[in-house]
Amino acid sequence: MSQPPPDGYLGAEARIRSGPAPELVAAGYALEIADARVLHHGLTVADLAHVLELVEGGVIPDGEATRLLSALIELLDVAPEDFPYDPVYGDAYNSRERELERQLGTTAGWLHTGRTRREAVRIATRLALRRWLLDLHRATTALVGALADTAEAHAETLWADSTYLQPAQPATFGHYLGSFAEEAMRHLDRLESAHGWADRSPAGAGGVGGTRIPLDRARLADRLGFAAPGAHTRDAMWATDGLVDAVLAGVQAVTTVDRLAEDLEILASPGFGLIELDASLCRASVLMPQKRNPYALVVIRGGAGVLVGRLTGLLVVQRTPSAQTDNWLYACGEVGGALTLARNLVDLGAEVVRTLRVDAAAMARSATTNFTAATDISEEISLRSELDYRSAYRVVGRAVAGALARGASSLDPASLDDAAQAVIGRPLGLDLAHLEAASDPRRALTTRGCQGGSAPAAVRDHCRAVRWRLDAARRWRAELDRSARDAEARLVAEARRRASTPAAAPVGD
């Protein structure tokens, strides 16, 4: 139902002769205005760069530029909650336009020269996206560091690694944790790649193909602290694949933490009793006083599921015609919310790892039971008896089955010879010393010294390699943090100089 448009409602003097329906405000505009708290600062930064570029090109009169820049500089100190954002005007940019028009009259109209409101929003979104990605990158480096430290502390902590939750082979708990550190390092690569997309400037793109207004896109990108302008104006304005890549990188990072949490919840259960979470990460049962629930692991697992859902939703929204608003309408809130949740979950995972308590004695016992040396014995037979591995495997498998049937917990040369007689028609003649050497899990570890292997020295070497790569990742992030801060400081300083410079003097004097 038509209703009077509010004061300054964009389009009221043309074809939009009604104010927005309350239903549109509730379902659409309110959603967009909720992004104001995230976009507020970036929109002002984008406006400052645009006005300075208009000055540089001789487009805007000096007096108008001074008034506009002065108002925008004042906005830098206004918190988003103190700005009169009103969903009745649509998105955050429209509310800003309305307020600047109220303060400056037609001077505010120069802000729209050669650009759409979407351009300013895209710039602010990418500025925010870079920050979210660097925050998650910081959390992920902390996770990797915690994994490397804890892995090195347990480089000699013997345990039985498992597959399908079944005892597999003797290894070390440090080697197990190192696998998650290696995986998490790849997430840093993904986050850095996603940041590369966010670090391309949409400024100067116009609606889709540029503008006749003389705007230098490279200079705008430099003013805004972007690495470079987007290579194609329509792509820079409307492509959304980089948003998906960013959230996917976050989901991948959390999925690694989730997989570790799934394991740790099992290992912390009384049936295993191998590890214990710090009390600060647990929660009591309201009813059962004996319980110590590993609540942090539940939070991680639930959060991982939520993030997979958000990623799926973002992907579905992308499948619209190009240059449509619907694949951007939910972008800022959904992407920001997803990456913030991912950062919190990765931070929580790092704290779980840092404070983890390990029962080394229980782990060592697990390595000497359930015939975890069966593979080593098979390999020893193959080496000593010149028997192909598959035949040796069958001999040992039969011997293990026989031992279990007798209630025995280990193998001896006689039982192996009996099994060999049945499988290959002859005894093996493996002596007790060789069998004991192959059955000793600590001696078995000495044979796992390959790069990335489970021998204690190999685990320590891997931890050192991880830390070396972490240092490079930290330097990368620190440089981008510094570059972004410096670029904004230069932009604001330039705007202040221009706003206080007499009209007859050139900018910078």
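**Entry 1: helix α16.** I started at the N-terminal end of α16, where aspartate 412 acts as the cap: one of its side-chain oxygens sits 3.1 Å from the backbone nitrogen of alanine 414. Note to self: this is a predicted model.

I checked the length next. With 12 residues (413–424) at 1.5 Å a residue, α16 should span 16 Å, and I get 15 Å between its end C-alpha atoms, which agrees. Just after the helix comes glycine 425, with a positive phi near 80°.

Then burial. Pro413, Ser415, Leu416, Ala419 and Ala420 are buried in α16. They take up an arc of only 160° around the axis, so they lie on the same side of α16. I looked for what covers them, and the list includes α14 (374–385), α15 (389–406) and α17 (432–439).

**Entry 2: salt bridges.** I searched the whole structure and got 30 salt bridges. I picked out a few.

Arginine 219 meets glutamate 53 at 2.7 Å, N to O. The arginine is in α7 (217–224) and the glutamate in α2 (36–56), so this pair ties together parts 166 residues apart in sequence. Glutamate 53 is buried, at 0% relative accessibility, while arginine 219 is partly exposed at 31%. Both belong to a salt-bridge network with Glu56, Arg223 and Glu494.

Aspartate 135 pairs with arginine 343, closest N and O atoms 3.8 Å apart. That one links α5 (117–153) to α12 (331–354), 208 residues apart.

Last, arginine 474 and aspartate 471 bridge at 3.5 Å. Both are in α19 (456–500), three residues apart, about one turn of the helix.

Key:
Residues numbered from 1 in each chain as written. Predicted model: local features only at pLDDT ≥ 70, side-chain atom pairs only at ≥ 80, totals over all residues. Heavy atoms only, no water. Helix = DSSP H or I, 4+ residues; strand = E, 2+ residues; numbered from the N terminus. Expected span 1.5 Å × (residues − 1). Buried < 20%, exposed > 50% of the residue type's maximum accessible area, 1.4 Å probe, protein only. Arc of directions from axis to C-beta. Contact = heavy atoms within 4.5 Å. Polar contact = N/O pair within 3.5 Å; in protein donor to acceptor, adjacent residues only side chain to side chain. Salt bridge = Lys/Arg side-chain N within 4 Å of Asp/Glu carboxyl O.
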